[in-house]
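Biologist: I am new to this structure and would like a close look at a single part of its surface, followed by whatever helps me place that part beside the interior. Please take your time over it.

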Amino acid sequence: MLATHLDVFNIVQAKFLAAEVVKSINLNVSIVDGPQNNSNRILALVEYNNSFALFVLVSSRTQPVSFSDLSIETVVPVDQSFACETEPVAGQNHVILVIKYKQNRYEYNIEVGKESCNFAAELIRSKEVVSTSKPNFTWLEKYFGTMNQSNRNSDPISDQSEFVLVRDGMTQGQTAINRESMLRYQLKLRDSEFTQKQEFTIFVGTWNVNGQPCSASLRSWLSYDENPPDVYAIGFQEIDLSKEAFIFNDTPREAEWQKLVMDGLHPNAKYRLVALARLVGMQLAVMINNQHYQHVRNVSFDTVGTGLLGKMGNKGGVAVRLELHNTSLCFVNCHLAAHVEEYERRNQDYKDINARINFRRNPPAIKDHDQVYWLGDLNYRITDLSNTQVKVLLQRNETNALLKVDQLNQQRERGNVLLDYLEGDITFQPTYKFDLFTDVYDTSEKARPPAWTDRILWRGRGIHQLYYRSHMDLKVSDHKPVSALFKSEISVVDPTKYRKVHEDLLKKMDKHENEFLPQVTVDQTEVTFDLVKFREPQCRDIIIANTGVNAELLQVPAEFEFIKKLDESFYCKDWLRIVPFSGSINPGEKCDVRLEVNLETDLDTLDDILVLHLKGGKDMFIIVNGTCQKSCFTQSLSSLVRIQVPILHLSDEEWNLARNNISPIYYSVPRELWLLVDYLYRHGLKTRDLFESCALHEELIHIRDWLDCGSQEPIPGTPQAIAESLLLFLSYTKDPVIPFELQDVCIAAANNFENCRQLILQKVNDIHRTVFLYVCMFLQELLRYSNDNGYDAKTLASLFGDILLRDQIRNSKPQASRGKANFVYNFLMNDLSSSLLPK
């Protein structure tokens with residue numbers, strides 16, 4: 001047996017209990033007709049008490065170094081229903097191994113050679129053994145809970161009438177799961193015995209390119225240092241400022257800038273792209289030196305838009321995470337809110353990115369990684385100094401005086417943003433704002449004071465910044481690129497030392513394989529929220545503490561997750577968010593779990609029962625409840641036209657009559673819609689980018705309360721805040737303006753205005769038709785002032801198309817439908833007077 005084969009054999013054996021003997025393995029197996037580069041499967045034949053089973057394992061690495069790298073994909077018992085055969089492949093050095101079990105058929109590519117011959121011989125021998133006996137397969141039950149989720153419901157062993165698998169109970173894979181959890185924890189405690197710190201150089205760069213194309217080389221920025229870095233993380237902002245990119249999240253600039261990046265990497269090394277993530281104009285690429293690529297695993301990325309409606313991607317963040325050797329890395333590229341006075345909005349954007357990025361891997365959150373690098377156009381400015389004052393201080397080289405009034409430094413000192421991050425000393429000139437193609441600060445009429453908007457920060461152990469600088473020679477943008485070079489300590493596993501520790505732990509654990517029973521306590525099992533209002537989140541925290549030990553006082557880690565109840569598709573109601581929803585708690589430690597409610601539908605009360613599942617332990621139940629306050633934003637249009645006063649002024653009887661469509665109709669459109677549109681008619685028609693600026697959350701709350709409660713005071717907020725409130729109102733009414741069942745027909749008719757008009761007249765009821773035409777006529781009025789507000793019909797149609805014809809399942813990503821946009825476009829470009837009433 002070759003050394004590599006023997007190493008993997010021992011790792012596979014560690015996946016099972018001591019009495020479950022791995023008889024043979026076959027490496028480099030792939031699924032027939034599967035995706036390319038899927039040869040990371042291992043076939044393992046396992047025997048227990050004279051019964052055999054075939055396991056299909058998937059490795060997260062090219063070559064596993066620990067049994068935790070292996071997950072179970074399929075389990076097939078070798079009994080009378082088991083059959084296997086091989087099919088040759090002409091002109092190839094592999095054959096197809098066909099596994100049949102009752103109605104199931106599995107096909108795998110395996111290489112022809114000594115290894116496959118030995119494996120086939122063992123498989124045939126196991127079949128002969130079971131033909132003369134009645135094997136018992138109950139020992140396989142525990143492995144069902146460890147299988148990949150996608151294969152659980154189709155696993156062949158579940159077809160045996162005498163073989164019962166508990167699919168959703170609390171006993172799924174108890175022994176195996178607890179044993180793996182225990183081993184992972186013990187290995188973590190002893191990782192200093194088999195790992196060593198190795199220094200890697202990480203180059204982090206950020207540049208706001210102001211929507212400009214670039215044909216110049218980036219080598220002066222990306223290859224500035226003599227020696228090539230091991231890792232690159234390059235972030236761009238504003239690679240495309242077009243309306244098309246903003247609305248449809250689609251741009252050819254992604255490929256153009258990425259090609260420039262790859263061409264500009266250090267010439268003394270070769271690099272491979274690990275991940276590329278983009279949201280509208282924000283782009284983040286992570287590359288690694290070829291020699292380290294094999295040690296990268298568990299790559300994932302996510303994007304968060306913090307622009308209009310909390311999803312538009314003109315502002316927000318993109319993030320990439322990966323594991324390099326034994327260290328988890330996270331890179332976050334952000335573009336926060338603009339304008340000097342909007343530092344609170346920037347703080348809010350940062351918090352939203354932190355809270356909403358979810359990699360759907362362990363760890364899922366930014367903060368839980370070993371090392372985090374935060375980069376981008378953070379947009380913090382210089383406070384209370386004019387353009388002239390800033391330039392004078394720069395000429396005097398009084399950088400420290402300016403940094404004292406730098407908003408990011410001030411907000412960090414107050415604990416409002418990036419509190420636990422570090423930033424290197426800034427010794428370079430402010431990187432914004434320059435006249436294009438020059439090194440001259442802004443000479444335009446606005447004369448913006450220079451500022452360090454472009455920053456790079458980090459958190460985590462073993463990170464040492466070598467350089468922090470700007471690159472003044474690149475002049476295509478009104479920003480200058482910034483880079484930081486880090487020498488970062490990465491934990492690298494010594495395979496020989498690892499095997500020694502691994503085997504030592506397995507020997508100790510085999511003595512107590514049935515005693516790894518986790519125990520936790522929860523500080524409260526009923527969570528009650530205060531009065532819950534529309535889009536005004538509330539949070540409550542529960543504490544889960546690990547109190548479990550075994551008979552030898554070996555402390556047991558506890559793995560938990562909230563699981564869905566029977567006949568439900570998710571583990572909690574859509575108004576509730578649980579962070580984290582799963583995790584591992586080390587012995588003697590606790591985990592704070594945050595329950596956040598955000599009401600976006602019409603509910604009188606909140607009620608849910610959460611199932612907290614302890615892997616290998618019991619299930620616990622947590623009750624969540626609360627009372628809701630009604631709002632005009634979540635009601636039907638037909639109800640709102642039947643009320644003459646703010647909704648919270650109605651008695652229960654009056655409201656029931658209105659929402660049951662018994663009250664008379666008082667208005668042709670809801671009064672709340674009229675109030676919002678009327679304000680914009682009077683104050684917003686000439687406002688630049690009216691529907692692209694994002695209001696502070698507090699502003700939207702004040703407008704909601706003004707509409708729901710009524711007031712003698714004028715409506716609060718800026719035109720941009722009123723505009724966003726209008727979009728919110730149309731986005732969250734109980735039914736869309738154009739009913740769901742008509743949307744496909746509307747899109748199909750979008751190429752002909754007369755067909756669209758007839759659909760509105762004949763298929764849409766009077767109330768919804770009037771609201772639709774009322775909104776379109778307002779947009780037509782907005783277009784009369786396009787020279788002032790910067791809007792054209794296609795942009796408005798794209799923005800309002802997805803709102804007036806919204807999907808049943810709300811999309812959190814900023815990508816509009818061209819079909820819906822075309823439908824609305826017809827009504828912006830044609831005379832609507834003939835559409836007001838049916839002929």
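Modeller: In this predicted model, Ile 609, Phe 621 and Ile 623 together make a nonpolar surface patch of about 280 Å². One of these residues, Ile 623, lies in strand S27, which covers residues 619-628. The relative accessible area of Ile 623 is 38%, and because buried means under 20% and exposed means over 50%, Ile 623 counts as partly exposed.

Turning from that patch to the interior, the largest nonpolar core has 73 residues, and those with the most contacts inside it are Phe 691, Leu 730, Phe 772, Phe 823 and Phe 827. Helix H21, residues 766-783, gives the largest share of this core, with 11 residues. Leaving aside residues up to four places away in sequence, Phe 772 touches Val 737, Ile 738, Ile 760, Leu 804, Phe 823 and Phe 827. There is also a second, separate core of 45 residues, which includes Leu 393, Phe 428, Trp 458 and Tyr 468.

The cysteines complete the picture. With a disulfide taken as a pair of cysteine sulfur atoms within 2.5 Å, the count of disulfides comes to zero. Cys 709, for instance, is in no disulfide, since the nearest cysteine sulfur, that of Cys 632, is 9.8 Å away. Cys 709 has a relative accessibility of 30% and so counts as partly exposed, whereas Cys 214, at 16% relative accessibility, counts as buried.

Note on methods. Residues are numbered from 1 along each chain as its sequence is written. This is a predicted model: local features need pLDDT of at least 70, side-chain atom pairs count only at pLDDT 80 or more; totals for chains, interfaces and linings use all residues. Side-chain values use heavy atoms; hydrogens and water are left out. Patches are made of residues with over 30% relative accessible area and no salt bridge: like charges are joined within 9 Å, nonpolar side chains (Val, Leu, Ile, Met, Phe, Trp, Tyr) within 5 Å. Accessible areas come from the Shrake-Rupley method with a 1.4 Å probe; for residues, only the protein chains shown count as cover. A salt bridge is a side-chain nitrogen of Lys or Arg within 4 Å of a carboxyl oxygen of Asp or Glu. Helices (H or I, at least four residues) and strands (E, at least two) are DSSP runs, numbered from the N terminus. Buried means under 20% relative accessible area, exposed over 50%, partly exposed in between (1.4 Å probe, protein chains only). A nonpolar core is a set of buried Ala, Val, Leu, Ile, Met, Phe, Trp, Tyr and Cys residues joined through side-chain atoms within 4.5 Å. Contact means heavy atoms within 4.5 Å.
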